[in-house]
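Hello,

Here is the structure I promised to pass on. My notes follow below it.

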Amino acid sequence: MSEAQAIQDAALQYQCPPQGLLDRIILVTGAGDGIGRAVSLALADHGATVILLGRTQNKLEAVYDEIKKRGGPEPALAPVNLEVATPADYAELAGLFEGEFDRLDGLLHNASMLGEITPLDHYPTGTWNSVMQVNVNAQLQLTQALLPLLRQSEDASLLFTSSGVGRQARAFWGAYAVSKFANEGMMQIFAQELDKTSSIRVNSINPGATRTRMRAAAYPGEDPQSLPAPADLVAPYLYLLGPASQGVNGQALDAQRK
Ligand code: NAP
């Protein structure tokens with residue numbers, strides 16, 4: 001078995017101990033809904049303090065309330081619209097986190113937008129720019145702002161969210177697919193640049209078909225009940241964002257068995 005396959009198996013089979021993420025401080029983007037919500041709840045269930053970043057305040061507050069109800073550590077809220085936020089906004093955010101926490105142990109880039117399913121030939125420029133802003137530019141700029149805090153951790157994890165169409169392109173998936181290829185490229189470059197010069201590991205995860213709003217928008221004719229729920233695929237996220245994956249760097253993993 002190859003090393004990559006062994007890591008993939010370890011991620012899929014991972015059973016996080018009850019307090020396996022105790023005292024970790026982890027920021028999740030798109031934490032108010034879908035996979036980001038489920039991963040945020042699971043991180044908190046295992047002891048992590050989660051910084052919930054998203055654009056819809058009431059969704060973030062609902063996740064906050066749910067974490068508190070389940071007895072998790074008090075989360076922090078970061079209402080940010082990644083489509084319009086600027087590097088100055090991210091710098092301000094990083095300053096706020098620095099005042100509250102002395103470090104960041106994990107950053108999960110999960111938020112993204114689908115854009116339109118249409119041929120590249122006709123792809124609308126405005127939608128293209130929005131998708132690239134949210135799915136690519138914002139991820140770079142947020143990472144740049146938070147790297148000093150990630151560097152303060154003895155064991156930090158930077159995790160990008162990929163997609164099947166970000167590894168093998170598919171007709172009509174337009175800006176979304178191109179943005180996911182860009183995420184994979186960004187992951188590989190950060191993984192090389194941070195290797196041996198920091199204790200930050202960098203990987204990507206493809207959730208696979210999952211019962212969320214985004215999936216329903218992409219496949220309106222599909223029965224959502226035929227798909228796993230977000231809560232069913234949190235194990236590989238806990239593996240990649242927690243101490244179990246120390247030393248795993250530059251890997252492109254799947255959250256579901258293919
Ligand atoms: P989702 O339910 O639509 O959740 C996406 C999240 O991103 C939402 O919380 C949304 O906030 C947030 N978001 C979108 N635009 C934003 C912006 N401008 N600023 C801040 N937050 C923003 O989708 P999901 O399926 O959970 O997707 C999570 C990740 O998995 C994405 O990266 C997606 O590409 C990837 N993925 C999903 C599947 C699947 O089958 N579901 C498959 C492959 C990859 P609001 O709730 O406020 O809109």
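W173 is buried, with a relative accessible area of 11%. Keep in mind that this is a predicted model. W173 forms an aromatic pair with Y219. The pair is tilted, with 5.9 Å centre to centre and 40° between the planes. Y219 counts as partly exposed, at 25% relative accessibility. The two residues sit 46 residues apart and link distant parts of the chain. W173 is in the loop between β5 and α6. Y219 is in the loop between α7 (213-218) and α8.

Ring pairs also bring in Y176, so that W173, Y176 and Y219 form a cluster. Two arginines lie over ring faces here. R170 lies over the face of W173, 5.5 Å from the ring centre. R215 lies over the face of Y219, 3.7 Å from the ring centre.

The count of aromatic pairs comes to five. Among them is Y123 with W128, an edge-to-face pair at 5.5 Å centre to centre and 80° between the planes. Y123 is buried, at 10% relative accessible area. W128 is partly exposed, at 28%. The cut-off for buried is under 20% relative accessible area, so Y123 falls on the buried side and W128 does not.

Next, the helix after that second loop. Is α8 enclosed or open? Seven of the eight residues of α8 (residues 234-241) are buried, so the helix is largely enclosed by the rest of the structure. The buried ones are V234, P236, Y237, L238, Y239, L240 and L241.

Now the cores. In soluble globular proteins, nonpolar side chains tend to be buried together. The largest nonpolar core here has 40 residues. L27, I51, F97, L146 and V202 touch the most other members. Elements giving two or more residues to this core include β1 (25-29), β2 (49-54), β3 (76-79) and β6 (200-206). The helices α4 (87-100), α5 (125-151) and α6 (174-194) do so too. The largest share, eleven residues, comes from α5. F97 touches L27, I51, A78, L146 and L149, leaving aside residues up to four places away in sequence. A second, separate core has 34 residues, including A11, C16, L43 and L159.

Last, β1. Which of its faces are covered? Both are. In a regular strand the side chains alternate between the two faces of the sheet. In β1, I25, L27 and T29 are buried on one side, and I26 and V28 are buried on the other. That is five of five residues buried.

β1 pairs with β2 and with β4. Five bridges join β1 to β2, and the two run parallel. T29 stands opposite L53 in β2. The chain crosses from β1 to β2 through helix α2 (residues 34-45), and this β-α-β crossover is right-handed. Three bridges join β1 to strand β4 (residues 106-109), also in parallel. The bridge partner of I26 in β4 is G106.

Best regards

Conventions:
Residues numbered from 1 in each chain as written. Predicted model: local features only at pLDDT ≥ 70, side-chain atom pairs only at ≥ 80, totals over all residues. Heavy atoms only, no water. Core = buried A, V, L, I, M, F, W, Y, C linked by side-chain atoms within 4.5 Å. Buried < 20%, exposed > 50% of the residue type's maximum accessible area, 1.4 Å probe, protein only. Helix = DSSP H or I, 4+ residues; strand = E, 2+ residues; numbered from the N terminus. Contact = heavy atoms within 4.5 Å. Phe/Tyr/Trp six-rings, centres within 6.5 Å; stacked < 30°, edge-to-face > 60°. Lys NZ or Arg CZ within 6 Å of the ring centre and 35° of its normal. Pairing = 2+ DSSP bridges. Right-handed = clockwise from strand over helix to strand, strands pointing away.
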